[in-house]
Amino acid sequence: MKNKKYLPIISAIIYSTIFGFSFMFSKIGLEVMTPIELIAFRFLLAALTMTTLKVFKIIKVDLKGKNIKMVLLTSFCEPVLYFFFESMGISMTSSSEAGLMISLIPVFVAVFSMIFLHEKLKSSQLGFIVLSVGGVVFINMMKNSLSLSGNFLGIIFLFLAIIASSFYNIGSKKSSANFTPIEITYVMMWVGAISFNIILIATNLVKGTMGSYFAPLAYNQAIIPLLYLGILSSIIAFFMVNYTISKIPVSQSAVFANLCTIVSILAGVFILKEDFFWYDFVGALMILIGVWGTVYFGERDNCEVLIHTELLEE
């Protein structure tokens, strides 16, 4: 039983690692696909894969008689709204601005968790969350020299992406009371697949290119990125996100997202042979200490509550 308390943490580390490598695979896939094609095919593959697993009873998905409004709303926040706002924001701003804005998600999740879930967050935990975010900010500032583009609309889109992701975390936590992580992930994949493929169909109809709808899939260079993004980065990673959120406070689970920055840096260094600078090390250390402190003080508070409860029962 004692070991089970570490499962959400292990799950968070795994999904952060998967998401960290997704940047590299997205970069490869975008050489032969447009952003909307990559996202649409990614979630279509994920949805069809999960449906196949459900048909063969490898996974259990039972939505009958359940009110799925919260899960649908959660799924609409992420992946639909988050991916849309993020892609729009990134296209209008510099990479440094996008990285800095997205790194603020754990802070907003922490604030939202106190408002909507009434989670208690000590000042020490908030400090470590800010330290972790600071690590991401520091790396982006040093790497990109923070050359602000001044595109206010792009910043607005990125801010909306932060809000969408924050509400996803809150919605996933609320949904976990009536749905399993597998069921939440299943709905997410289908909502993403339907939404983004509708956008892709509309785009092709306007351009008159419906005949080449599946043309990108003919490239070998598209297959591996889609398999990684569709299976690992969508099904497995989002399942682990939903599992982690269901087991620990969202203010703690959200901070693990900053580990993606470390993984993406290491992937660039060891696979793409990119340079590793001193500020990468300093920023990574800030992120690791921030994540550790957030989880450690959260666990300590939980232990104190359990001990107090046991004493009262005696």
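User: Where in the chain is Lys57 placed?

Analyst: Lys57 sits in the loop between H2 and H3. Keep in mind that this is a predicted model.

User: What is the sign of phi at Lys57?

Analyst: Start with the general idea: most residues other than glycine have a negative phi. Lys57 is not a glycine, yet its phi is positive, at about 60 degrees.

User: Is Lys57 buried or exposed?

Analyst: Exposed, because its relative accessibility is 74% and the cut-off for exposed is over 50%.

User: Which value does phi take at His118?

Analyst: Phi of His118 is near 60 degrees, which is positive in a residue other than glycine. His118 belongs to the loop between helix H5 (105–116) and helix H6 (123–144). With a relative accessible area of 63%, His118 is exposed.

User: On to peptide bonds. Which kind of bond joins Glu78 and Pro79?

Analyst: As a rule, most peptide bonds are trans. The bond between Glu78 and Pro79 is cis, with omega at about 25 degrees. Pro79 is in helix H3.

User: What end-to-end distance should H3 span, and what does the model show?

Analyst: Helix H3 covers residues 69–92, which is 24 residues, and at 1.5 Å a residue the expected span is 34 Å. The C-alpha atoms at its ends are 33 Å apart, so the two values agree.

User: Where does H3 bend?

Analyst: At Leu81, by about 35 degrees.

User: Which residues of H3 are buried?

Analyst: First, the general idea: an α-helix has 3.6 residues a turn, so residues three or four places apart point the same way. The buried residues of H3 include Val71, Thr74, Ser75, Cys77 and Glu78. Pro79, Val80, Tyr82, Phe83, Phe85, Glu86 and Gly89 are buried as well.

User: Now helix packing. At what angle do H1 and H9 pack?

Analyst: The angle between helix H1 (residues 7–29) and H9 is about 155 degrees, and their axes are 8 Å apart. That angle makes H1 roughly antiparallel to H9, because values over 145 degrees count as such. The crossing of H1 and H9 is left-handed.

User: At what angle do the axes of H2 and H9 cross?

Analyst: At roughly 60 degrees, with the axes of helix H2 (residues 35–55) and H9 coming within 8 Å. H2 is therefore oblique to H9. The crossing of H2 and H9 is right-handed.

User: Which residues meet where H2 and H9 pack?

Analyst: On the H2 side, they include Phe41, Ala46, Thr49 and Met50. On the H9 side, Gly230, Ser234, Ile235 and Phe238 are among them.

User: Is Ile235 buried or exposed?

Analyst: Ile235 is in helix H9 (residues 220–247). Its relative accessibility is 11%, so Ile235 counts as buried, since the cut-off is under 20%.

User: Which residues does Ile235 touch?

Analyst: Leaving out residues up to four places away in sequence, Ile235 touches Ala46, Thr49, Met50, Thr185, Met189 and Gly230. Ile235 can also be paired with Ala47: these residues are 188 apart along the chain, and their C-alpha atoms are separated by 8.3 Å.

User: Thr185 is a contact of Ile235. Where is Thr185 placed?

Analyst: In helix H8 (residues 181–207). Thr185 is buried, with a relative accessible area of 0%. Apart from neighbours within four places in sequence, Thr185 is in contact with Met50, Ser234, Ile235, Phe238, Phe239 and Asn242. Met50 and Thr185 both appear among the contacts of Ile235.

Definitions and conventions:
Residues numbered from 1 in each chain as written. Predicted model: local features only at pLDDT ≥ 70, side-chain atom pairs only at ≥ 80, totals over all residues. Heavy atoms only, no water. Helix = DSSP H or I, 4+ residues; strand = E, 2+ residues; numbered from the N terminus. Expected span 1.5 Å × (residues − 1). Bend = angle between axes of the 7 residues up to and from the residue. Buried < 20%, exposed > 50% of the residue type's maximum accessible area, 1.4 Å probe, protein only. Contact = heavy atoms within 4.5 Å. Axes fitted to C-alpha atoms, helices over the stretch in contact; angles between N-to-C directions. Parallel < 35°, antiparallel > 145°, perpendicular 65-115°, else oblique. Left-handed = near helix turned anticlockwise from the far one by under 90°.
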